[in-house]
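This report describes the internal spaces and the nonpolar core of one protein chain. The sequence and structure are shown first, and the description follows.

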Amino acid sequence: WDFNGSFHQPPALLMMGIPGLETLHPWISIPFCALYLTALLGNCGILFIIGRTPSLHEPMYCFLSMLALTDLGLALCTLPTTLGLFWFNVRRIGFDACLTQMYFIHILSFIESSVLLAMAFDRFVAISHPLRHAAILTKATVLKIGVAIVLRGMVSLLPIPFLLKRLSYCGRTELSHSFCFHPDIMNLACADIKVNVFYGMVILLSTVGMDFIFIVLSYILILRTVASLTSREECLKALNTCVSHICAVLVFFIPMIGLSMIHRFGKNVPPLVNTFVAYIYLIIPPALNPVIYSIKSTHIRQALLRALCRKRG
């Protein structure tokens, strides 16, 4: 933490696209554009439908609105730098701008993890205590949960930019992706980064790690409740309400865990694998979640059809 004469921050960092495929970036941008367009339209559509349909103003769909808003934010955080690099080869990003993008990417990732936990709790209460569901998850309670989720993400990650700014950087300025990650920036430093590594690991395990554990515990309790139901139809109906959420959990947590392991232990992993997993983690969930919920949720699908019919009429 001591300031010395070697202290140095680069004015800008250089972002990387897909290593070895730089000449194909204009063509590679086509599927990325399709994914970003799906994420923007899909999540805006979910928010519009839930906002305009009073029958969907329930805890489950309130949490789905939070998820859609978070996914929308994630897509907007990475879209400018990713498409700017693929279309116009804009690799340079200011150091402070990079820290700002990194801060919001990590905040939104942590918020998404917490929202998925809140949705798991909602499914547990709805299946295990259906008569008390409305009394437990009132609108005020859902609002308090939402505020707590945002505050937890903001406060826990607030020291990260300051921990990075106090480091000295020399030599390398090339990032591994077309957006800014904490481990990626941290590894460019030519100073002791033990504090950054320790704090990053503690925060990751105490937030996202705990969220994942509690999601698993929620589904263990849900399966115990479902197993006690006498009717096979009731079992299938109860489990069917969880399918969309399980898909969203898998789509988010599998690439996130993979990327965390690569950044911390994958010294010999090819750069292409690192880049591929990072894009899956940040772009695929925002694009897939609205599609998953639109297909699996009868209420969302019916509200969407009604909205389309009104426009045609």
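Met-60, Phe-63, Met-119, Asp-122, Arg-123, Thr-241, His-245 and Tyr-293 form the lining of the second largest cavity in this predicted model. Two elements, α2 and α3, each give two or more residues to that lining, and the greatest contribution, three residues, is made by α3. Sorted by class, the lining of the second largest cavity comprises four nonpolar, two polar and two charged residues. The space enclosed there is about 60 Å³.

In total, the structure holds two cavities of 30 Å³ or more. The largest cavity has a volume of about 240 Å³ and a lining of 17 residues, with His-106, Pro-183, Leu-204, Ser-260 and Arg-264 lying nearest its centre. Elements supplying two or more residues to this lining are α3, α7, α8 (194–227) and α10. Helix α10 accounts for the largest share, five residues. Of the residues lining the largest cavity, 10 are nonpolar, six are polar and one is charged.

Open pockets are present as well as cavities. The largest pocket has a volume of about 730 Å³. Its lining consists of 22 residues, and those closest to its centre are Met-60, Arg-123, Lys-237, Thr-241 and His-299. Two or more lining residues come from each of α2 (59–88), α3, α9 (232–240) and α12 (298–312), and α9 provides the largest share with four residues. Met-60, Arg-123 and Thr-241, named here for the largest pocket, also belong to the lining of the second largest cavity.

The second largest pocket contains about 430 Å³ of space. Among its 19 lining residues, Ser-176, Asp-184, Asn-187, His-263 and Asn-274 lie nearest the centre. Helices α7 (182–186), α10 (243–265) and α11 (271–296) each supply at least two residues of this lining; the largest share, three residues, comes from α11.

The class composition of the two pocket linings is set out below.

| Pocket | Nonpolar | Polar | Charged |
|---|---|---|---|
| Largest pocket | nine residues | eight residues | five residues |
| Second largest pocket | nine residues | six residues | four residues |

The packing of nonpolar side chains is considered next. The largest nonpolar core contains 85 residues, of which Phe-32, Leu-64, Leu-116, Leu-164 and Ile-185 touch the most other members. Helix α3 (residues 95–128) contributes 18 residues, the largest share of this core. Which residues is Phe-32 in contact with, leaving aside its neighbours within four places in sequence? They are Ile-18, Thr-82, Leu-83, Phe-86, Tyr-279 and Ile-283.

Finally, a record may be set beside the model. An unreviewed UniProt entry annotates residues 42–293 as "domain: G-protein coupled receptors family 1 profile". Over that range the chain is 79% helix and 1% strand, and the C-alpha atoms at its ends are 10 Å apart.

Helix α3 recurs throughout this description. It gives 18 residues to the largest nonpolar core, three residues to the lining of the second largest cavity, and two or more residues to the lining of the largest pocket and to that of the largest cavity.

Technical notes. Residues are numbered from 1 along each chain as its sequence is written. This is a predicted model: local features need pLDDT of at least 70, side-chain atom pairs count only at pLDDT 80 or more; totals for chains, interfaces and linings use all residues. Side-chain values use heavy atoms; hydrogens and water are left out. A nonpolar core is a set of buried Ala, Val, Leu, Ile, Met, Phe, Trp, Tyr and Cys residues joined through side-chain atoms within 4.5 Å. Buried means under 20% relative accessible area, exposed over 50%, partly exposed in between (1.4 Å probe, protein chains only). Contact means heavy atoms within 4.5 Å. On a 1 Å grid over the protein atoms alone, a cavity is a set of points where a 1.4 Å probe fits but cannot get out, and a pocket is an open set with protein on both sides within 12 Å along at least five of seven lines; lining residues have an atom within 4 Å of a point. Grid points are joined across faces, edges and corners, and a volume is the space filled by probe spheres set on the points. Ala, Val, Leu, Ile, Met, Phe, Trp, Tyr, Cys and Pro count as nonpolar, Asp, Glu, Lys and Arg as charged, and the others, Gly among them, as polar. UniProt positions are given in the numbering used here, feature names are shortened, and annotations may be inferred rather than shown by experiment.
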